[in-house]
Amino acid sequence: MFSLGSTKRLLRRWFISIPFFVLLGLILGGLFSILVIPRPNIATIPVSGPILSQAYADEISNMLQHARDSNNIKGIVLRIDSPGGGASAIEQIYLDVLRLRQQKPVVTSIGTMAASGGYHVAVASNFIYAEPASQIGGIGAFISLPQPEELDENIGTTGPFKATGKSRRKAISHLEMVRQGFVAVVRLQRGDRLKLSEEELSQAELHMGVESLRFGLIDEIGTRSDAIEKAANLAGLRNYGVVEFQFKTRAPSWSIDSSDLEALKSQTGLIPKYYYLYFESR
Amino acid sequence: MIKRIVIVLIGIIVVVLGRGFFFYSGFYTPLPSERTSYEDIFVPPAPLVEFSDNISDNISEEERTVLIDLAHDNNFDVEELNVLMLRLISRDLSIKFLDAEDDLKKELLGEEEEEEPLVEKEPPAEEEPPAEEEPPAEEEPSAEEEPSAEEEPSAEEEPPAEEEPPAEEEEEELPPDAFIIVSPQLEFSDKDKKTINEFVDNGGKLLLIADPTRQSNINNISLEFGLIFEPDYLYNMKENEINYRNIFVSDFEENEITKNLEKIVLYVAGSISSDEGGIVFADQNTFSSVIESRKRLSPIALVEEAKVLAVHDLTFMTEPYNGTLDNNQLIANIADWLASPVEEEDEEEVGEEEEKE
């Protein structure tokens with residue numbers, strides 16, 4: 001049996017032995033590496049439904065910002081299933097994706113539809129996947145033109161356009177500028193991959209996923225899983241987790257038809273507002 | 001001791017590198033940051049052209065009247081014809097409106113409806129003989145039309161009564177020389193169609209206007225003259241006035257409607273199909289939203305020996321779109337056409353040709 005003194009001697013020898021320091025180094029290295037190299041994740045961010053309100057656009061922007069600021073998120077997949085929305089709201093998300101792309105790879109996976117503003121957001125990403133039957137394109141904008149001012153003796157205004165914003169002719173002129181801006185964004189971001197001319201893009205046609213691949217509107221046919229893998233690949237990840245971001249509030253309902261368009265008009269009143277939005281007119 | 005510290009550090013590094021290699025195979029290389037250059041976005045101002053209205057020499061010196069249809073739930077505001085009406089007024093044309101309660105035959109041909117008085121007067125005739133005197137009595141309350149109330153019973157009995165009052169009234173109510181129908185939503189009855197046909201046959205001019213942005217039943221009357229307003233709109237993606245639906249047109253067939261025109265802009269115009277009636281043609285880069293076969297698309301047509309003019313766009317006639325390029329000239333030409341009489345030579349030639357046939 002060992003006496004207490006001999007045990008102490010053995011322990012003292014162990015604590016100064018090489019294997020102890022190797023083990024210590026490995027343990028400390030393990031603890032340190034968890035802090036320094038957390039498990040990397042790919043985040044999926046939904047961009048779904050019509051993006052009409054500023055609050056909804058802000059929520060998507062907040063998710064993008066969180067993904068940008070988070071150390072363990074190394075790549076982002078935008079899961080787009082949207083007909084677009086208000087022009088300013090879409091442009092806000094587009095610019096936020098561009099900013100995010102400077103730090104982390106962004107890959108888009110298109111579900112049912114990336115039309116109009118939905119596609120505007122998609123082109124900001126590094127790589128675009130879509131399914132064979134996805135609806136893609138609709139590059140263009142529309143506006144509810146200002147109605148002629150109804151004069152009222154009880155309401156005073158300081159200028160001829162105070163109540164209408166602009167003339168109908170000017171609104172159409174601005175609409176053309178919005179169209180040019182949208183087309184320029186698509187041409188810039190798709191670059192040599194794009195096989196459609198400006199005139200063809202401006203037709204605002206919706207294409208099937210397989211057609212879109214041929215026209216260079218997307219990069220590959222694939223699903224959300226492919227997009228996650230691609231994002232990981234671009235981020236240089238061998239092993240990773242997947243984090244799904246979700247809306248705090250419920251995404252707006254999908255259907256946009258002419259009755260909703262009437263609602264849009266009533267929301268905007270006399271002031272013209274531009275939309276990158278696909279809708280089915282009757 | 002240093003040796004031991006080095007061993008610990010190597011242990012740490014090995015683990016960190018191991019974890020790093022477990023998770024990572026490389027690094028992300030960001031794409032070059034490119035933002036759209038919005039400086040290149042430019043929309044040219046509307047090509048406005050100053051216009052002076054030179055009235056044609058062919059205009060009739062006689063007093064002429066234009067009747068505008070408001071009786072068929074026409075889908076337009078009278079104010080939208082202000083520019084055209086101003087041109088007509090400057091050519092000394094009087095403008096009248098056909099309301100729903102007006103009798104088209106009376107207003108257009110200056111003839112009374114034949115059937116209506118008979119229908120009204122039949123029941124009393126069957127019931128009691130004295131009732132023959134009642135119908136005029138019923139019509140008496142319309143004090144404004146006292147003379148006509150006197151006319152009607154006499155009209156029923158004998159024609160000479162018609163000849164008595166006309167001397168004064170016919171001078172006041174000459175039948176119109178032109179009839180304008182804009183986007184009618186109600187159908188024209190067979191009787192109305194016959195009346196309009198008769199009006200055109202007698203040398204009256206008919207201007208048919210529709211617009212793709214407005215519901216209308218224009219084909220109900222235009223088909224009488226071999227004209228079909230297609231349910232489409234024309235667009236040009238290559239060259240347009242700010243918007244693809246605002247098309248430039250510079251291919252004209254020479255006639256009184258297209259004189260002095262170089263280029264016009266139509267704002268959401270539709271095409272008109274006819275048997276060689278087209279006088280204004282869209283270019284090769286202009287397409288129909290509906291018709292896919294390549295044919296000469298014509299938004300303006302002139303048929304029936306230049307007595308029926310069909311225009312499938314109303315907007316170019318309205319402010320401020322009338323001021324673009326030669327639109328004002330086109331409106332002036334239409335006003336000249338409405339104000340000028342049908343050339344008699346042509347009618348005679350047509351008559352001779354018909355006789356030969």
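A residue counts as buried here if 20 or more other C-beta atoms lie within 10 Å of its own. Keep that cut-off handy, and remember throughout that you're looking at a predicted model. The model scores ipTM 0.82 and pTM 0.81.

**Stop 1: a covered strand in chain A**

Select residues 127–130 of chain A, which make up strand S5. Is either face of this strand left open, or are both covered? Both are covered: Phe127(A) and Tyr129(A) are buried on one side, and Ile128(A) and Ala130(A) are buried on the other.

Now add residues 106–115 of chain A, strand S4, which runs parallel to S5(A) and is joined to it by four bridges. To line the two up by eye, find Ala130(A) in S5(A) and look across to Ile110(A), which stands opposite.

**Stop 2: an exposed proline**

Next, click on Pro148(A), in the loop between S7 and H6 of chain A. Pro148(A) counts as exposed because it has 10 C-beta neighbours inside 10 Å, and the cut-off for exposed is 12 or fewer. Then pick Ser134(A) and draw a distance between the two C-alpha atoms: they are 14 residues apart in sequence, yet 40 Å apart in space.

**Stop 3: helix H6 of chain A**

Carry on to residues 168–190 of chain A, which form H6. How far apart should the ends of this helix be? With 23 residues at 1.5 Å a residue, the expected span is 33 Å, and the end C-alpha atoms are indeed 33 Å apart.

Show the side chains and look for the buried residues, which include Ile172(A), Leu175(A), Phe182(A), Val183(A) and Val186(A). Not every buried residue here is a hydrocarbon one: Glu176(A), Arg179(A) and Gln189(A) are also among them. The partners to display are helix H5 (117–122), strand S7 (142–143), helix H7 (198–201) and strand S11 (274–277) of chain A, against which the buried residues of H6(A) pack. Step just past the end of the helix and you reach Gly191(A), with a positive phi of about 55 degrees.

**Stop 4: over to chain B**

Color by chain and turn to chain B, which has 12 helices and 14 strands. Of its 357 residues, 35% count as buried. Among contacts in chain B with a separation of 6 or more, 74% are between residues 24 or more positions apart.

Now select where the chains meet: 34 residues of chain B are in contact with 41 residues of chain A. What sort of residues does chain B bring to that side? They divide into 23 nonpolar, seven polar and four charged.

**Stop 5: the eight-stranded sheet of chain B**

Switch to cartoon view and trace the open sheet in the order S2-S1-S3-S4-S14-S13-S11-S8, with mixed pairing. The edges are S2 (93–98) and S8 (251–252); each has a single partner strand, so one side of each has no neighbour in the sheet.

Inside the sheet, select S3 (178–182) and S4 (205–209) of chain B, which pair in the parallel sense over five bridges. Here Ile181(B) stands opposite Leu208(B) in S4(B). Then bring in H11(B), which packs on the sheet and touches S1, S2, S3, S4 and S14 of chain B. The direction of H11(B) makes about 150 degrees with that of S4(B).

**Stop 6: backbone oddities in chain B**

Most residues other than glycine have a negative phi, and most peptide bonds are trans. Three spots are worth a click with that in mind.

- Glu305(B), in the loop between S13 (300–303) and S14, has a positive phi near 50 degrees. Glu305(B) is partly exposed, with 14 other C-beta atoms within 10 Å.
- Leu325(B), in the loop between S14 and H11, has a positive phi near 45 degrees. Leu325(B) is buried, with 22 other C-beta atoms within 10 Å.
- Pro320(B) also sits in the loop between S14 (308–311) and H11 (327–339). A cis peptide bond joins Glu319(B) to Pro320(B), with omega about 0 degrees.

**Last stop: where to be careful**

Finally, color chain B by pLDDT: the mean is 83, and 78% of the residues reach 70 or more. Which stretches fall below 50? One is residues 117–163, for which the model has 24 contacts beyond four places in sequence. Another is residues 166–170, with zero contacts beyond near neighbours in sequence. Where pLDDT is low, the predicted coordinates should not be read in detail.

Terms used
Residues are numbered from 1 along each chain as its sequence is written. Chains are lettered from A and ligands numbered from 1 in the order in which they are written. This is a predicted model: local features need pLDDT of at least 70, side-chain atom pairs count only at pLDDT 80 or more; totals for chains, interfaces and linings use all residues. The expected span of a helix is 1.5 Å times one less than its number of residues. Two residues are in contact if their C-beta atoms, placed from the backbone, lie within 7 Å. Ala, Val, Leu, Ile, Met, Phe, Trp, Tyr, Cys and Pro count as nonpolar, Asp, Glu, Lys and Arg as charged, and the others, Gly among them, as polar. Two strands pair if DSSP finds at least two bridges between them. Axes are lines fitted to C-alpha atoms, for helices over the stretch in contact, and angles run from 0 to 180 degrees between N-to-C directions. pLDDT is the predictor's confidence in each residue, from 0 to 100.
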